[in-house]
Amino acid sequence: MAVSFTSDIRPLFRDSPDVDSMQGYGLDLSSYEEVKARAAEIYARLIDGSMPCDEPWPPEHVGLFKLWMDQGLAP
């Protein structure tokens, strides 16, 4: 299954609080280019549970993000 930012990854980031709270840290989670550029950093935060801000993602969401990375970070 091919994973894309638009259809698979972007919907995992809620507009509030995820996108809103991270803009204060200089990261726009709604932007493909920004998420692509910082994918390894985001993945590390997803793994350690410090992102999103209110509760960790379930393992299947983290796995989908990793699969997106492994497949080449398609838009």
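Is R14 buried, partly exposed or exposed, and what is its relative accessible area? In this predicted model, R14 comes out as partly exposed, with a relative accessible area of 30%. That makes a handy starting point for a look at the charged pairs around it.

**Salt bridges**

The structure holds five salt bridges, and here are three of them:

| Pair | Closest N and O atoms |
|---|---|
| R10 and D15 | 2.5 Å |
| R14 and D18 | 2.8 Å |
| R14 and D54 | 2.7 Å |

R14 turns up twice, with D18 as one partner and D54 as another, and together R14, D18 and D54 are linked in a network of salt bridges. D54 sits in the loop between helix 4 and helix 5 (59–70), while R14 is in the loop between helix 1 (5–9) and helix 2, so this pair ties together parts that are 40 residues apart in sequence.

The network also mixes environments. D18 is buried, at a relative accessible area of 2%. D54, on the other hand, is partly exposed, at 44%. The cut-off for buried is under 20%, so D18 with its 2% counts as buried.

**Helix 2**

D18 has company in helix 2 (residues 15–23), where V19 and M22 are buried as well. These three cover an arc of only 80° around the axis, which puts them on the same side of helix 2. An α-helix has 3.6 residues a turn, so residues three or four places apart point the same way. And what lies over that buried set? Part of the cover for the buried residues of helix 2 comes from helix 4 (39–48).

Conventions:
Residues are numbered from 1 along each chain as its sequence is written. This is a predicted model: local features need pLDDT of at least 70, side-chain atom pairs count only at pLDDT 80 or more; totals for chains, interfaces and linings use all residues. Side-chain values use heavy atoms; hydrogens and water are left out. Buried means under 20% relative accessible area, exposed over 50%, partly exposed in between (1.4 Å probe, protein chains only). Helices (H or I, at least four residues) and strands (E, at least two) are DSSP runs, numbered from the N terminus. The arc is that of the directions from the helix axis to the C-beta atoms. Contact means heavy atoms within 4.5 Å. A salt bridge is a side-chain nitrogen of Lys or Arg within 4 Å of a carboxyl oxygen of Asp or Glu.
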